[in-house]
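Biologist: I have a structure to explore, and I would like to learn how its charged side chains and strands fit together. Could you take me through it in questions and answers?

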Amino acid sequence: MAPSSLYADRRARLAAQLGAGGIAIIPTAPERPRNRDNQYLYRHDSYFYYLTGFGEPNACLVLTGDGHSTLFCQPKDQEREIWDGYRLGPQAAPAALGVDAAYSFAELDVRLPRLLENRACVWYPFATHAGLAARVEGWLAAVRARARYGALCPAAQNDLCTLLDEMRLVKDAHEQATMRRAAQISARGHVRAMQRAARMLRAGEDAREYHLEAELLHEFRQQGAQYPAYDAIVAAGANACVLHYRASDAPLRAGELVLIDAGCELDGYASDITRTFPADGKFTGPQRALYDLVLASQEAAVAATRPGARFDAPHEATVAVLAQGLLDLGLLDKNKVGTAQDVIASRAYFAFYMHRTSHWLGMDVHDCGSYVEPGEVGQTSVRQDPLSGETITERPSRILRPGMVLTIEPGLYVRPAPGVPEAFHHIGIRIEDDALVTAQGCELLTREVPVAPEEIEALMQGA
């Protein structure tokens with residue numbers, strides 16, 4: 001776990017951006033009921049944890065522009081701790097977490113108006129916590145009620161996400177180390193799943209998607225990860241053409257592919273890996289042809305991921321390779337769609353590749369951070385989408401810098417359709433790795449599970 005000094009440094013850097021008279025309110029996530037008298041497994045709010053390292057529910061951080069930090073948390077309660085587990089409590093919080101003061105969460109409504117008094121601007125995360133804006137209004141109303149006593153009410157409200165998103169976008173050394181370890185754990189889970197599929201089919205056993213999900217979950221916890229970072233996609237056969245399919249009970253069949261998109265969360269940080277492999281350990285000809293195309297597109301995207309390049313560069317590199325490959329393999333008819341450049345301009349590839357190549361990765365699987373370069377937001381151009389007809393306002397995409405982490409995940413999903421060769425029907429392939437931008441280019445954190453088709457076959461046949 002990170003030392004408290006790391007979180008103190010983050011709070012200090014944030015406080016310096018709040019401005020004179022600024023004050024920030026950062027709540028953690030609420031507990032959520034799963035069914036009667038039972039809660040979903042608790043997961044903290046990422047912004048709150050980024051600034052505190054504190055994982056208990058019913059907590060809120062208040063930070064002022066001069067760097068003073070106040071934590072509201074659950075009070076010690078011997079009876080509740082018998083049922084729900086240990087609580088840090090306000091008395092121990094300053095020493096344990098490095099905050100300046102701590103109070104019971106029950107005192108939040110009483111103390112917040114006094115903390116807001118005579119402040120110029122209140123910052124909080126907009127549109128992330130249901131009801132928070134209304135609570136802020138209530139606290140401000142209480143400040144106004146004391147106007148006759150000389151209390152001044154903050155005249156401005158700003159979105160704290162604009163500051164924290166920029167801080168979280170570039171990962172520090174501790175974050176990079178944690179994400180590297182999460183990637184290693186997830187890679188081991190994928191290896192286990194591949195090998196389990198091959199063993200079960202060789203033994204003639206009734207292999208199902210949930211058997212492979214079980215291997216993933218076992219390895220995640222065995223290696224110390226606290227949770228899956230998201231619900232695992234384990235898609236056998238045609239299910240791989242459903243982008244957000246969830247692991248279910250479909251059978252694994254020899255001659256079909258399996259697509260697994262799964263990653264663990266370790267100490268608050270996510271990993272995100274997708275691999276596609278033959279259920280029985282041997283690619284067929286059409287499967288291999290499509291797989292080689294997707295892998296070539298990923299290699300082009302990886303080469304385009306480097307400091308100074310734009311966030312859109314990996315996607316553009318991917319699409320260029322896929323467009324030509326779809327023509328070469330006959331999935332698109334050049335007599336109807338034209339050249340690869342025509343395919344890109346008309347987005348004819350969209351029938352087979354309908355998602356972007358990358359997203360930010362960090363504490364959240366789809367992590368925070370603008371995809372537009374901040375200093376170039378006002379540089380706009382307008383175009384009409386050739387498929388939807390919608391008018392799209394484009395802005396310059398983000399310039400990649402060392403410490404940013406993004407996924408690189410091209411894919412192809414072939415559903416039966418007129419003109420599509422039957423040999424490719426129901427084949428879905430995605431290859432996804434996590435890339436840390438470095439001074440030289442990028443480091444793929446997730447390659448402890450192979451991507452080369454020969455290496456996948458060798459791994460599965462040797463299981």
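What follows is a short conversation about salt bridges and one sheet in this predicted model.

Biologist: Let's start broadly: how many salt bridges does a search of the whole structure find?

Modeller: Side chains of opposite charge can pair when their charged atoms come close. Searching the whole structure for such salt bridges gives a total of 32.

Biologist: Is R168, which forms a salt bridge with D364, buried or exposed?

Modeller: The side chains of R168 and D364 meet with N and O 3.2 Å apart. D364 is partly exposed, at 26% relative accessible area. For R168 the relative accessibility is 1%, and buried means under 20%, so R168 counts as buried.

Biologist: How many residues apart in sequence are the parts that R168 and D364 tie together?

Modeller: R168 belongs to helix α7, residues 161-169. D364 sits in the loop between α13 (340-346) and β15 (381-384). The pair therefore ties together parts whose separation in sequence is 196 residues.

Biologist: Which strand holds D433, the salt-bridge partner of R275?

Modeller: In this salt bridge the closest N and O atoms of R275 and D433 are 2.7 Å apart. R275 counts as buried at 0% relative accessibility, and D433 counts as buried at 0% too. The pair links distant parts of the chain, 158 residues apart: R275 is in strand β14 (residues 273-278), and D433 is in strand β20.

Biologist: And E107, which pairs with R111: what is its relative accessibility?

Modeller: E107 and R111 meet through their side chains in a salt bridge of 2.6 Å, N to O. R111 is partly exposed, with a relative accessible area of 30%. E107 also counts as partly exposed, and its relative accessibility is 29%.

Biologist: Now the sheet with β14: which strands stand at its edges?

Modeller: Strands of a sheet pair through backbone hydrogen bonds, either parallel or antiparallel. Here three strands form an open sheet in the order β10-β11-β14, with antiparallel pairing. Two of them have a single partner strand each, so one side of each is left without a neighbour in the sheet. Those edge strands are β10 (233-236) and β14.

Biologist: Last one: which residue in β14 is the bridge partner of A262?

Modeller: Strand β11 covers residues 257-262 and runs antiparallel to β14. Six bridges join β11 to β14. For A262, the bridge partner in β14 is I273.

Key: Residues are numbered from 1 along each chain as its sequence is written. This is a predicted model: local features need pLDDT of at least 70, side-chain atom pairs count only at pLDDT 80 or more; totals for chains, interfaces and linings use all residues. Side-chain values use heavy atoms; hydrogens and water are left out. A salt bridge is a side-chain nitrogen of Lys or Arg within 4 Å of a carboxyl oxygen of Asp or Glu. Buried means under 20% relative accessible area, exposed over 50%, partly exposed in between (1.4 Å probe, protein chains only). Helices (H or I, at least four residues) and strands (E, at least two) are DSSP runs, numbered from the N terminus. Two strands pair if DSSP finds at least two bridges between them.
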